[in-house]
Amino acid sequence: MSERLLSILITSFTKILVPGLLVTFPLTVISFAFAMIIAVLVALVMHAKVPVLSQICRFYIWIIRGTPLLVQLYVMFFGLPSLGIMIDPFPCAILVFSINEGAYCAETLRGSLESVSNGQIEAGFTSGLTYVQIMWHIVLPQAFKTAFPALSNSLISMVKDTSLAANITVAEMFMATQRIVARTYEPLALYIEVALIYLLFSTVLTKLQHYGERKLDVQRREVQA
């Protein structure tokens, strides 16, 4: 490795990492938080088989899961202005990632909700709890524990998907890398470098996922004991 290339990599590391911490990370966390709100609402509606609303939720999931995330970004950012609707890049990315991830997480949660036995719901009604109280205190906590590994994988995937936000001019770490490449003409080394930073972020989240799964396993054993 030449001294010039080494110098570029050392200098660029901070220039890539900082947008990762200030843009990529917040974009992921905020989007995933909104996605979970959407997922819980949609999953509960489908689990309860609410007339009309259930069909709307299924249609939403069908559309989102059947179209590419990049196309959804383009429709929101480049398409809506033709209708007079202008959205800044960062809020637009949050909106699209939230809606997209919400559809996938809703299906994950719906399956987890259905894994909770009806006997527990009936016991809740017998105890005088309302449907909302049963969902909040009995069913959802169990569903989240079951869905935790899959939801964690969705979060890790979202970290990598945020690189698509560069296509709508969000200045996250992939766009920062593209700008450095345009100045230095060292695409291979710099794209490998940003890939390693994404790997670092994903590895940290994977470790947290494993920690969370171990804690849940301990809780399950304590309950069973």
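Mentor: Rings of Phe, Tyr and Trp are called a pair when their centres lie within 6.5 Å, and the angle between their planes then sorts the pair as stacked under 30 degrees, edge-to-face over 60 and tilted for the rest. By that rule this structure, which is a predicted model, holds four aromatic pairs.

Trainee: Why is the pair formed by the rings of Phe-59 and Trp-62 called tilted?

Mentor: The ring centres of Phe-59 and Trp-62 are 5.7 Å apart, which is within the 6.5 Å limit, and their planes meet at 50°, which is neither under 30 nor over 60 degrees, so the pair is tilted. Both residues belong to helix H2, where they stand three residues apart, about one turn of the helix. An α-helix has 3.6 residues a turn, so residues three or four places apart point the same way.

Trainee: How do you know whether Trp-62 is buried or exposed?

Mentor: The relative accessible area of Trp-62 is 57%, and exposed means over 50%, so Trp-62 is exposed.

Trainee: What kind of pair do the rings of Phe-77 and Phe-78 make, and why?

Mentor: Their centres are 4.9 Å apart and their planes stand at 85°, which is over 60 degrees, so the pair of Phe-77 and Phe-78 is edge-to-face. Ring pairs also bring in Tyr-74, which is linked with Phe-77 and Phe-78 into a cluster.

Trainee: Why do Phe-77 and Phe-78 get the burial labels that they have?

Mentor: Phe-77 has a relative accessible area of 16%, which is under 20%, so Phe-77 is buried. Phe-78 has 45% relative accessibility, which falls between the 20% and 50% limits, so Phe-78 counts as partly exposed.

Trainee: Turning to charged side chains, what makes Glu-107 and Arg-65 a salt bridge?

Mentor: The closest N and O atoms of Glu-107 and Arg-65 are 3.8 Å apart, and a salt bridge needs a side-chain nitrogen of Lys or Arg within 4 Å of a carboxyl oxygen of Asp or Glu, so the contact qualifies. Glu-107 lies in helix H4 (residues 89-115) and Arg-65 in helix H2 (residues 53-66), so this salt bridge ties together parts that are 42 residues apart in sequence. Arg-65 itself, at 43% relative accessibility, counts as partly exposed.

Trainee: Which residues are joined into one network by salt bridges that share partners, and how do you know?

Mentor: Arg-110 forms a salt bridge with Glu-107 at 2.9 Å between the closest N and O atoms, and the side chain of Arg-110 also meets that of Glu-114 at 3.1 Å, N to O. Shared partners of this kind join Arg-65, Glu-107, Arg-110 and Glu-114 into one network. Within helix H4, Arg-110 and Glu-107 are three residues apart, about one helical turn, while Glu-114 and Arg-110 are four residues apart, again about one turn. A search of the whole structure finds four salt bridges.

Trainee: Why are Arg-110 and Glu-114 called partly exposed?

Mentor: The relative accessible areas are 24% for Arg-110 and 44% for Glu-114, and partly exposed covers values between 20% and 50%, so both residues take that label.

Trainee: How do you know that the end C-alpha distance of H1 agrees with its number of residues?

Mentor: At 1.5 Å a residue, the 46 residues of H1 should span 68 Å, and the end C-alpha atoms are 63 Å apart, which agrees. Helix H1 nevertheless has a kink of about 40°, centred on Gly-20.

Trainee: What makes the phi of Lys-49 a point to note?

Mentor: Its phi is near 55°, a positive value in a residue other than glycine. Lys-49 sits in the loop between H1 and H2, and at a relative accessible area of 59%, over the 50% limit, Lys-49 is exposed. Thr-169 likewise has a positive phi, of about 70°, although it is not a glycine, and Thr-169 is found in the loop between helix H6 and helix H7.

Trainee: Which residues form the nonpolar patch on the surface?

Mentor: The patch consists of Ile-30, Phe-34, Ile-37 and Leu-41, with about 370 Å² of accessible area together. Patch members need over 30% relative accessible area, and Leu-41, which is in helix H1, has 54%, so Leu-41 passes that limit and also counts as exposed. Thr-28 is found in helix H1 as well, but at 3% relative accessibility, under the 20% limit, Thr-28 counts as buried.

Note on methods: Residues are numbered from 1 along each chain as its sequence is written. This is a predicted model: local features need pLDDT of at least 70, side-chain atom pairs count only at pLDDT 80 or more; totals for chains, interfaces and linings use all residues. Side-chain values use heavy atoms; hydrogens and water are left out. Patches are made of residues with over 30% relative accessible area and no salt bridge: like charges are joined within 9 Å, nonpolar side chains (Val, Leu, Ile, Met, Phe, Trp, Tyr) within 5 Å. Accessible areas come from the Shrake-Rupley method with a 1.4 Å probe; for residues, only the protein chains shown count as cover. Helices (H or I, at least four residues) and strands (E, at least two) are DSSP runs, numbered from the N terminus. Buried means under 20% relative accessible area, exposed over 50%, partly exposed in between (1.4 Å probe, protein chains only). Rings of Phe, Tyr and Trp (its six-membered ring) pair if their centres lie within 6.5 Å; planes under 30 degrees apart count as stacked, over 60 as edge-to-face and the rest as tilted. The expected span of a helix is 1.5 Å times one less than its number of residues. The bend at a residue is the angle between axes fitted to the seven residues ending there and the seven starting there.
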